[in-house]
Amino acid sequence: MQYEILREQCIKLHTLSFSDLAENLQDASSYAVSKPSISLQKSRLVLEDILFEIYKIEMHSEPRLKNIRTLLNNRDFVARIHPRRIYLLMNLVRKMTSGGSNDVVESKAAKIVLDYVSDIVEWFIKRYDRSFKASVAAQNHSSIEDLIPPFAINVLTHDDQPSEDYERAANWFELAAAKGNASAQYNLGVLYNHGRGVKKDYVEAKKWYEKAAVQNDANALYSLAVLYHLGNGVIQNYAEAAHYYKIAADLGNAEAQYNLGVLYNQGLGMPVNFAEAAKWYILASNQGYTSAQNNLGFLYHNGDGVPQSYEEATAYFEKAATAGDASAQYNLGYMYLKGRGVTQRFEEAAKWFHLAALQNHTNAEFQLAMLYNNGQGLQQNTEEAIKWFKLAAHGGHTNAQYCLGVLYAKEKSSERAEKWLELAANKGHISANYELGLLYAHQLEQIEKALPCFKVAASKGLADAQYELGLLYATSTGIARNYTEAVKWWRAASDQSHLHAEYQLGLLYEQGLGVAQDLEEARRCYRLAAIQGHTGAQYQLGNLYDKGKGVEQDYTEAAKWIEQAAEKGHPKAQFQLAQMHIYGQGVPKDFAKAAQLYRLAAKQNHKKAQYQLGVLYKKGQGVAQDYNEATHWLKKSLEEQK
């Protein structure tokens with residue numbers, strides 16, 4: 001589709017006061033190559049608006065539903081669409097723009113649809129032209145400046161328009177503005193506001209906006225409010241912005257209604273008033289203003305100024321999302337993700353996140369990556385997850401940077417993992433500091449770098465980081481041993497019921513490292529971890545009872561804990577329990593059971609277990625006497641520990 005043809009059609013549509021239709025057509029053209037899925041959405045909206053307007057002309061009434069399928073299935077209406085080729089094109093556009101949103105949309109399809117839509121638009125303009133001319137004649141206009149319509153700001157500010165077009169427009173607007181035409185004054189203000197066809201000048205823009213505002217031009221009043229809202233060419237003044245927004249809003253300007261709602265919502269220039277914000281959002285929403293629908297959804301979600309209702313929130317999000325609003329698409333996806341106001345459906349969440357992600361919505365890119373990573377609503381695909389995490393991460397999404405770092409760390413891609421974890425960590429992401437510490441400590445073996453990372457996360461209360469920090473101080477060879485610091489951090493982690501920290505703390509109390517030896521405290525720590533299934537703690541607790549350390553010797557209690565550790569494969573516990581079966585301490589005397597346990601520990605290279613198993617084979621106790629087996633295990637026990 002040639003640019004000139006589309007540009008001419010957009011101008012004609014604006015002249016006929018179909019600004020929304022013109023903007024959708026221009027967006028469909030702009031995104032056909034870069035974002036084809038959005039282009040298809042916009043083409044569908046163009047068709048929907050044309051059908052709606054043609055229905056009103058042909059049927060002399062307004063359709064109950066603004067729905068493409070419904071209108072194209074109305075036989076009486078369809079019979080009035082001539083030539084028949086236009087109806088067929090409409091049907092093709094309907095079918096080509098209603099495909100699954102999860103499919104990758106090729107730009108070729110978007111271009112084909114745009115060609116069809118252009119033909120339909122041309123037909124619509126000619127069909128509507130008779131009514132337009134009659135309307136103009138009835139108004140008895142006397143000069144061209146009276147026919148100049150108010151151009152939408154985003155049309156006058158598109159970067160891809162030739163500069164001479166803006167200059168020509170500025171000349172025409174200036175002529176009409178000088179004669180008092182409010183629309184021309186407003187449009188001239190827009191050009192000065194954005195530096196199109198004239199030198200950018202907020203003061204000059206304000207002058208022309210004010211001239212049009214005196215004539216109650218809603219667009220000019222709105223634009224004047226924006227200058228005060230942003231502080232462009234004037235001292236920022238939210239109260240003054242609210243004043244002009246209110247006048248424009250009362251005149252029915254949807255953008256003014258929305259922005260006035262924002263001021264009430266955020267308490268800018270006035271006290272926060274959610275109910276008042278909702279009032280203005282509703283008015284803008286009723287005009288199809290998607291940002292208002294989205295914000296209204298938030299108010300219903302949180303119950304601010306309106307009764308709390310996830311169902312109402314979802315309904316408003318869906319209205320805006322269907323119209324292509326990326327933020328609303330993300331929010332609707334989130335409602336499906338969490339099952340708020342709708343049945344939880346990961347497939348539906350993925351659909352809306354994907355649509356928003358295609359519009360570079362960073363949070364949607366992150367959530368889509370999470371769904372791919374977890375295989376929720378989509379087939380699990382790490383490669384796709386990394387792709388979307390990267391897009392969000394490059395957009396500055398801290399959690400995406402963190403997740404990307406974790407995935408690369410799992411793949412042992414240390415350099416890339418370090419890059420992304422460091423970016424997230426520098427923004428204060430606690431878990432990123434922890435994961436970066438693990439990367440330095442266990443993959444890159446750079447203990448001096450791991451230490452400050454763990455400290456940051458530990459000082460923020462992350463129990464795993466507190467545990468790892470204690471481990472560095474107690475066992476690392478890369479820094480000076482400091483059992484006192486180890487005790488400090490393991491205590492902090494154990495206060496959060498960290499099992500490994502509780503166990504390690506027990507070892508220090510038992511050995512008197514960093515603290516005065518306290519076998520009672522050691523037993524308390526071991527027991528807390530042991531009853532929650534910590535294997536090492538179960539063995540150590542059993543050993544205290546076996547040796548009578550800090551407690552009265554109790555083989556039955558010892559066997560109870562050591563047996564639990566042995567069942568989980570703890571080699572020392574297996575050896576110890578075998579010994580207890582040999583001597584009948586806390587368990588029945590049973591050489592066969594002992595031999596079985598010795599074997600389990602021996603296979604894990606426990607030297608004493610290998611020796612004792614060899615002795616049992618030599619003597620034929622608990623096993624058939626076998627000198628070859630005896631020799632094998634006795635020799636194994638003499639081999640150096642690797």
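# A walk through the helices

Start by selecting F389: leaving aside neighbours within four places in sequence, F389 is in contact with F366, A369, M370, N373, A400, C403, L404 and L407. Before you go on, keep in mind that this is a predicted model.

**Stop 1: the nonpolar core**

Keep F389 on screen and add Y281, F353, F454, W490 and Y598. Of the 127 residues in the largest nonpolar core, these six, F389 included, touch the most other members. Which helix gives the most to this core? Select residues 398-410: helix α22 does, with eight residues.

**Stop 2: helix α20**

Now show residues 362-374, which make up helix α20. Its 13 residues should span 18 Å at 1.5 Å a residue, and the end C-alpha atoms are 19 Å apart, which agrees. Colour A364, E365, F366, Q367, L368, A369, L371 and Y372, the buried residues of α20. Two of these, F366 and A369, are among the contacts of F389 that you have already seen. To see what covers the buried residues of α20, bring in α18, α19 (346-357), α21 (382-394) and α22, which are included in that cover. Then step just past the end of α20 to G375, which takes a positive phi of about 70°.

**Stop 3: an aromatic pair and the asparagine beside it**

There are 16 aromatic pairs to look for. One of them is F298 with F317, an edge-to-face pair with 5.8 Å from centre to centre and 80° between the planes. Because F298 lies in helix α16 (residues 290-302) and F317 in helix α17 (residues 310-322), the pair ties together parts that are 19 residues apart in sequence. Buried or partly exposed: what is each ring residue? F298 counts as partly exposed, at 38% relative accessibility, while F317 counts as buried, at 2%.

With both phenylalanines still displayed, add N331, which you will find in helix α18 (residues 326-338). N331 touches F298 and F317 as well as N294, not counting residues up to four places away in sequence. At 9% relative accessibility, N331 counts as buried.

**Stop 4: S285 and a tyrosine cluster**

Move to helix α15 (residues 274-285), where S285 has its place. S285 counts as buried, with 5% relative accessibility. Leaving aside neighbours within four places in sequence, the residues in contact with S285 are A292, Q293, L296 and Y316. While you are here, select Y258, Y281 and Y289 together: ring pairs link these three into a cluster. You have met Y281 before, among the core residues that touch the most other members.

**Stop 5: helix α27 and Y473**

Next, select residues 483-494 for helix α27, whose 12 residues reach 16 Å from the first C-alpha to the last, close to the 16 Å expected at 1.5 Å a residue. Its buried residues are A486, V487, W489, W490, A493 and S494. Among what covers them are α25 (447-459), α26 (463-475) and α28 (499-511). Zoom in on the start of α27 and you can find a side-chain oxygen of N482 within 3.3 Å of the backbone nitrogen of T484.

Now pick Y473, which is found in helix α26 and counts as buried at 8% relative accessibility. Y473 touches L451, K455, I479, A480, R481, N482, E485, A486 and W489, not counting residues up to four places away in sequence. Try a distance between C-alpha atoms, too: Y473 and Y483, 10 residues apart along the chain, are separated by 6.3 Å.

**Stop 6: helix α33**

Select residues 591-602 for helix α33. At 1.5 Å a residue, its 12 residues should span 16 Å, and its end C-alpha atoms are 16 Å apart, which agrees. A594, A595, L597, Y598, A601 and A602 are buried here. These buried residues pack against α32 (571-583), α34 (607-619) and α35 (627-638). At the start of α33, look for the side-chain oxygen of D590 that reaches to within 3.1 Å of the backbone nitrogen of A592.

**Last stop: charges over rings**

Finish with two lysines. Select K66 and F52: the charged end of K66 sits over the F52 ring, 5.1 Å from its centre. Then select K211 and W208, where the charged end of K211 sits over the W208 ring, 5.8 Å from its centre.

Conventions: Residues numbered from 1 in each chain as written. Heavy atoms only, no water. Helix = DSSP H or I, 4+ residues; strand = E, 2+ residues; numbered from the N terminus. Buried < 20%, exposed > 50% of the residue type's maximum accessible area, 1.4 Å probe, protein only. Contact = heavy atoms within 4.5 Å. Expected span 1.5 Å × (residues − 1). Polar contact = N/O pair within 3.5 Å; in protein donor to acceptor, adjacent residues only side chain to side chain. Phe/Tyr/Trp six-rings, centres within 6.5 Å; stacked < 30°, edge-to-face > 60°. Lys NZ or Arg CZ within 6 Å of the ring centre and 35° of its normal. Core = buried A, V, L, I, M, F, W, Y, C linked by side-chain atoms within 4.5 Å.
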